[in-house]
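User: I am new to this structure and would be grateful for a close look at a single helix and its surroundings. Please set that part within the whole chain as well.

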Amino acid sequence: MKGAQVLGMVWYRSGWHSPKKLEGCARRSLVIPNASVLDRVLKAYPIQTFLSPAIQFTRTARWKTPPALSKIQAKSLHKAPGKHPEAAEINPIESVRTKRFHASQPINQSAPAPRTVPLSHLKDNFLHGTNSNFLEELQRMWEQNPSSVDETWQIFFQNFTGLSHASLKPNYVQPTIVGNQTVQENMRVLLLIRAYQVNGHMKAQLDPLGLDQRAVPQELDPAYYNFTEKDMDREFSLGVSLGGVLSENSPPSTLRSIIQRLEKAYCGTIGYEYMHIPDREKCNWLREKIESHGQRKYSSEAKAEILDRLMWSTNFENFLAQKWTAAKRFGLEGCETLIPGMKELIDKAADLGVESVVIGMPHRGRLNVLGNVVRKPLRQIFNEFSGGIKPAEVEAGGYTGSGDVKYHLGTSYDRPTRSGKHIHLSLVANPSHLEAVAPVVIGKTRAKQFYAQDTKRLKHMAVLLHGDGSFSGQGVVYETLHLSDLVNYSTGGTVHIVVNNQVAFTTDPKSSRSSPYCTDVAKALCAPIFHANGDDVEAVVQACELAAEWRCQFHSDVVVDIVCYRRFGHNEIDEPNFTQPKMYQVIKSHKPSLDIYIEKLTTAREIGPDKIKSMQERVMSMLNDEFNHSKDYVPKKRDWLAAFWAGFKGPEQLSRVRNTGVEPEILKQVGKKITQLPASFTPHRAIKRIYEQRAQMIETEQGIDWATAEALAFGTLVLEGNHIRLSGQDVERGTFSHRHAVLHDQKTGETFCPLHHVVENQAQEMFTVSNSSLSEFGVLGFELGYSMENPNSLVLWEGQFGDFANGAQVIFDQFLSSGEAKWLRQTGLTVLLPHGYDGQGPEHSSARLERFLQMSDDDPYVIPEMDPSLRKQIQEVNWQVVNVTTPANYFHVLRRQIHRDFRKPLVVMSPKNLLRHQSCKSNLSEFDNLEGHPGFDKQGTRFKRLIKDSNNHTDNEPGVRRLVFCSGKVYYELDEERQRLGSLDVAICRIEQLCPFPYDLVQRELKRYPSKFVFHYPSSIHQMQRLSGAKKNL
């Protein structure tokens, strides 16, 4: 092929180079590989996908070479002879349709043309990962010193670049040929190495049951590259510096030794997937760890420690099975190696600077993790199995809630590590809904990092445990992974551990996922994945240790997939033979991992039988001792309050209502801060006008609208030292273009947030407003976890529209509405749901207010104690639901979330057309705390649960023939109609707080208007029941 050259199987034409461009350098032909070899390589590494991901399609459907491309990648594009294009001109659409790359002129037939590549084979990227790195590194070395690379590569780069030796290095010395290698043979060895790096995990021995018989990829067979037995003892000098097998200055190695090293590194009991990572530094770091270190060799002391941890894990499950044979405990049998792996992960992370770990996990193995990893007292666990004794506070009338099963509960403890450090472990309570706890854990971890000022994300780490079926099947897994690298959601990487039972409840993998591995979803995040055989405890420990190192080195997610089995069914009383008879025939005769490891150690004579026996006896003695003490164990009050929550009250403790008004001077000061823009900032002219109007509102103290009231609430809370965080879809601007919390300079594109400058030298994250990803489940879960860490923060999530709460219904059902009753965990999370039929159709109108009222747990037939000095109604209810109608009342309900001695979730039916309604305005005097101002009553200025009729009526108005109770924006429509008709005999009262219901204020209005005609609009069963009860009670 005249003028044709090959670059790692990418063909191009160099005939268009002019003599001037070649600078007088005579081109030398490059030997074309054997056609059969080329054909095989092309099938495994097709031409179509060899180009770098950096090369993008343009709108004209042509390849365009951006400046960032290396010379290798830029020149590997197809060039037409006789032209001098600046960018390669391949029409990719036509190429795909015709299943070939075409030239503008026919290829010279003096040599065989490259074979066309079937479209079905376009599945790999040759210049993606090892090969592009290798070639670029090789070119750099050649440019610095031509003699540093093999002669065949020197010839290649001379032809490729058109540069002479003299132009590169004046004192160039012709290199000597090492052995009888050719560039083709080097390339074939490199292809073999890359095949192991990419597909070695397919040959790894991962299934402890031996049921997963996978075909070994043919790319791992040396014969695939035309190597025979005669080539096995030939030496190859690869001459590159990429780490691992391709380490710098490595001596020539025989092909046999290279393959043995690759087999040991990639095809043992750990399978590595990392070649999908586009970052060269990360790939090389992992390659060095995997290929240079191989299977780690542990000392006798380390093996004894691993054995001890495995004994605790195994004997704990056996002990529970003996004592409570019929109890559900979702044991860890079949994956006992998880405990040594997790403990190694935590120890390693602590050595690398991590101070606390937040853990989320499903029910399987939870008790074992609680007892052996988090170090919850075993006597307490045993006490819970036996029914237990209630805490002394409960016996005295304390609040216990409904409780939950023991394998859903969480806890937190400080535990020592192997190196003598201490690390804080928190296991987050979670419901049966698999994976729902994942975003909660991430949010809690991010909050810990904020309060510890851990901006580098080094000291606080999240660890999430998953099941194989849920990791591949639950959408919230991807939603959570997708948050990992977002600026206001990143935690610096999460370690994911998959307990891969190879069956999901009763569903086989072939029916539960479409991908080869349950962990393939993590590849979208470019996270490395380590598959470990669950029977090889040392492999599990090594994979977990490497995961800890990766997370602390690169601050990104990593996955450990422990391929194991379930010795029993979904739980201990389930019958698995109904659905997996063959699997459980194998499991029945399969040795536990502890027996396998003991046999391995004794065979190698590393630990004697006497020492093993004494270790076993010690573990069982301690378990029995804890069991005996559990009979008399009296639990303390549950640790439902973390350190930040000291002094906050439970539902059984009376908390006084506080005023939420603010000093007028402070309101003016904050109002000025939140309406000022820098002189050098160029806002959009419409936004400039909005901010000028807001400044005028503050100056005149009149006409405060919804957005300004919200900004005043946020600003005053920040001034008081509270952290504010608002997130959701498009919250920076606001769905209805009302908030404009973050402004964009129209000239430079820079952003400015006025609420970042309320206090001098204010930390930017003190007030955080952040557009989220297009996720409800994941983001709401994240904010819930964030709100649980510290009560001195107002955390809000806003739905783009109220009905978008549907996508996060699990969080509302299983956490927000019931979390305190089940787990005694308080949260002050505030949810803003735009609500109202405003001409946008049914899909984006109703926030389904009735659903939230239906989930409220106040009794409609029992009126609680309503005396202000004794009232605990709002503390005893599960959450608050409000539908406020004035900016001032919105201001006070937000501040009320902070100014109280307890925390409750708040659901706000936020308005749409009231955002700009001319009548929906408040005066600044309604925000302050001065006596005599509107809104100040005998208790002070605070949130109004009910707003009485706007007419100044006396305490008894028999002349009013109709009393209407309403909620939300309908009030303004009713009032407008009343004014139009001149109906002075109709009174309209607004119920601003729907849950808990304001019985005392409703009864006050019923006494004021002794009429037989009472209407409630809009009517609902929830409200009608309570109105009826209030009336009967009179």
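Analyst: The account below begins with the chain as a whole, turns to one helix and its neighbours, and then visits several other sites.

The model is a predicted one. Its protein chain has a mean pLDDT of 82, with 80% of the residues reaching 70 or more. Confidence is not even along the chain: over residues 116–129 pLDDT stays under 50, and the model has 43 contacts there beyond four places in sequence. Residues 170–179 also remain under 50, with 11 such contacts. The chain contains 35 helices and 29 strands. Of its 1034 residues, 58% are buried. Among contacts between residues at least 6 apart in sequence, 79% join residues at least 24 apart.

The part chosen for the close look is helix α25, which covers residues 685–700. Its 16 residues, at 1.5 Å a residue, should span 22 Å, and the end C-alpha atoms are indeed 22 Å apart, so the expected and modelled lengths agree. The buried residues of this helix are I687, Y691, R694, M697 and I698. Because these residues cover an arc of only 110° around the axis, they lie on the same side of α25. The face turned away from that buried side carries the exposed residues R685, Q696 and E699.

The buried side of α25 has several covering elements. Among them are helix α24 (664–673), helix α26 (706–719) and strand β16 (743–744). Just after α25, the chain reaches E701, which takes a positive phi of about 65°.

One residue of the covering helix α24 shows how these pieces meet. K668 belongs to α24 and is partly exposed, since its relative accessible area is 28%. Leaving aside residues up to four places away in sequence, K668 touches I698, E699, E701 and L924. Of these partners, I698 is one of the buried residues of α25, whereas E699 is one of the exposed residues on the opposite face. E701 is the residue with positive phi just after the helix. K668 also lies 9.5 Å from L712, C-alpha to C-alpha, although 44 residues separate them along the chain.

Strand β16 leads to another backbone feature. H740 is placed in the loop between β15 (723–728) and β16. Its phi is near 50°, a positive value in a residue other than glycine. With a relative accessibility of 6%, H740 counts as buried. A further case of this kind is F505, whose phi is near 60°. F505 sits in the loop between β12 and α19 (509–512), but it is partly exposed at 46% relative accessibility.

On the other side of α24 in sequence, the loop from α23 (609–630) to α24 holds Y633. Y633 is buried, at 18% relative accessible area. Its side chain makes a polar contact of 3.5 Å with the side chain of Q380. The C-alpha atoms of Y633 and N383 are 6.9 Å apart, while the two residues are 250 apart in sequence.

A second helix may be set beside α25. In helix α18 (residues 475–482), the buried residues are V476, V477, T480 and L481. They fall within an arc of 140° when seen down the axis, so they line one face of the helix. The elements covering them include α16 (437–451), α17 (468–473), β12 (494–500) and α27 (777–787).

Later in the chain, N883 occupies the loop between β21 (880–882) and α32 (887–896). N883 counts as buried, at 8% relative accessibility. Its side chain forms a polar contact of 3.1 Å with the side chain of S967. Besides S967, the residues that N883 touches include M909, G968, I991, E992 and L994. In the loop between β28 (993–995) and α34 (999–1008) lies P996. A cis peptide bond joins C995 to P996, with omega about -5°.

The cysteines complete the picture. A disulfide requires two cysteine sulfur atoms within 2.5 Å, and by this rule the count is zero. The sulfur of C283 illustrates the point: the closest cysteine sulfur, in C526, is 9.4 Å away, which is too far for a bond. C283 is nevertheless buried, with a relative accessible area of 1%. C753 is likewise counted as buried, at 4% relative accessibility.

Definitions and conventions: Residues are numbered from 1 along each chain as its sequence is written. Side-chain values use heavy atoms; hydrogens and water are left out. Buried means under 20% relative accessible area, exposed over 50%, partly exposed in between (1.4 Å probe, protein chains only). Helices (H or I, at least four residues) and strands (E, at least two) are DSSP runs, numbered from the N terminus. The expected span of a helix is 1.5 Å times one less than its number of residues. The arc is that of the directions from the helix axis to the C-beta atoms. Contact means heavy atoms within 4.5 Å. pLDDT is the predictor's confidence in each residue, from 0 to 100. A polar contact is a pair of N or O atoms within 3.5 Å; within protein, one must be able to donate a hydrogen and the other to accept it, and residues adjacent in sequence count only if both atoms are side-chain atoms.
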